[in-house]
Amino acid sequence: MSDPSDWQAGGCLCGKVRYAIDRSAVVGQAHCQCRDCQRATGSAFATFCFVPDAGFRAEQGEAKGFTVQGTSGNDVTRFFCADCGAQLYSEVGVMPGLKFVKSGSLDDASWMQPEAVYWCDTGQPWVAMPEGLVRHATNPG
Ligand SMILES: [Zn+2]
Ligand SMILES: [Zn+2]
């Protein structure tokens, strides 16, 4: 059983969509520098932690999903607030049953410790990722 204090709240920029994740259920944390993440975030990379669906609960409002086909040929759906556009989490066809929660949407993401970088091949030359992270040229695996 997870401790109530393990639940970390998050939400969008306007506050309409709110959710919480169970920190004790987090199975991975990473940065992704793929072009889709760059476009979707409007920045150089996305940072997320991923939790099983049971470790995620919607608390308020409803996120809108936008689906694209990832390079693997499987769907990637990015969820965001339809009012303010803030990115919240993703569902990835190749890894069903997980929510990839965007770090910037968490009320407090200071506890995170990303361990890997995906899509180094398309990383911007002006971004230097910290030493010690596992680097993948494209997707992991
Ligand atoms: Zn919003
Ligand atoms: Zn990506």
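Two strands count as paired if DSSP finds at least two bridges between them, and this cut-off is applied below to a predicted model.

**Exercise 1.** Determine in which sense strand 3 and strand 10 pair, and which residue of strand 10 is the bridge partner of Cys32.

Solution. Strand 3 and strand 10 (residues 116-118) are joined over three bridges, so they meet the requirement of at least two bridges. The sense of this pairing is parallel, and within it Cys32 has Tyr118 of strand 10 as its bridge partner.

**Exercise 2.** Describe how strand 3 pairs with strand 4, and place both strands in their sheet.

Solution. Strand 3 (residues 28-32) and strand 4 (residues 46-52) run antiparallel and are joined by five bridges. Two of the residue pairs can be named: Ala30 has Phe48 in strand 4 as its bridge partner, and His31 has Thr47 in strand 4. The sheet itself is open, with eight strands in the order 6-7-8-9-4-3-10-11 and mixed pairing. Because strand 6 (64-69) and strand 11 (134-135) each have a single partner strand, they stand at the edges, and one side of each is left without a neighbour in the sheet.

**Exercise 3.** Work out which strands stand at the edges of the sheet with the order 1-2-5.

Solution. Three strands form this open sheet, and their pairing is antiparallel. Strand 1 (7-11) and strand 5 (56-60) each have a single partner strand, so one side of each lacks a neighbour in the sheet, and these two are the edge strands. From one strand to the next the twist averages 25°. Strand 1 pairs with strand 2 (residues 18-22) over five bridges in the antiparallel sense, and Ala9 stands opposite Ala20 in strand 2.

Technical notes
Residues are numbered from 1 along each chain as its sequence is written. Chains are lettered from A and ligands numbered from 1 in the order in which they are written. This is a predicted model: local features need pLDDT of at least 70, side-chain atom pairs count only at pLDDT 80 or more; totals for chains, interfaces and linings use all residues. Helices (H or I, at least four residues) and strands (E, at least two) are DSSP runs, numbered from the N terminus. Axes are lines fitted to C-alpha atoms, for helices over the stretch in contact, and angles run from 0 to 180 degrees between N-to-C directions.
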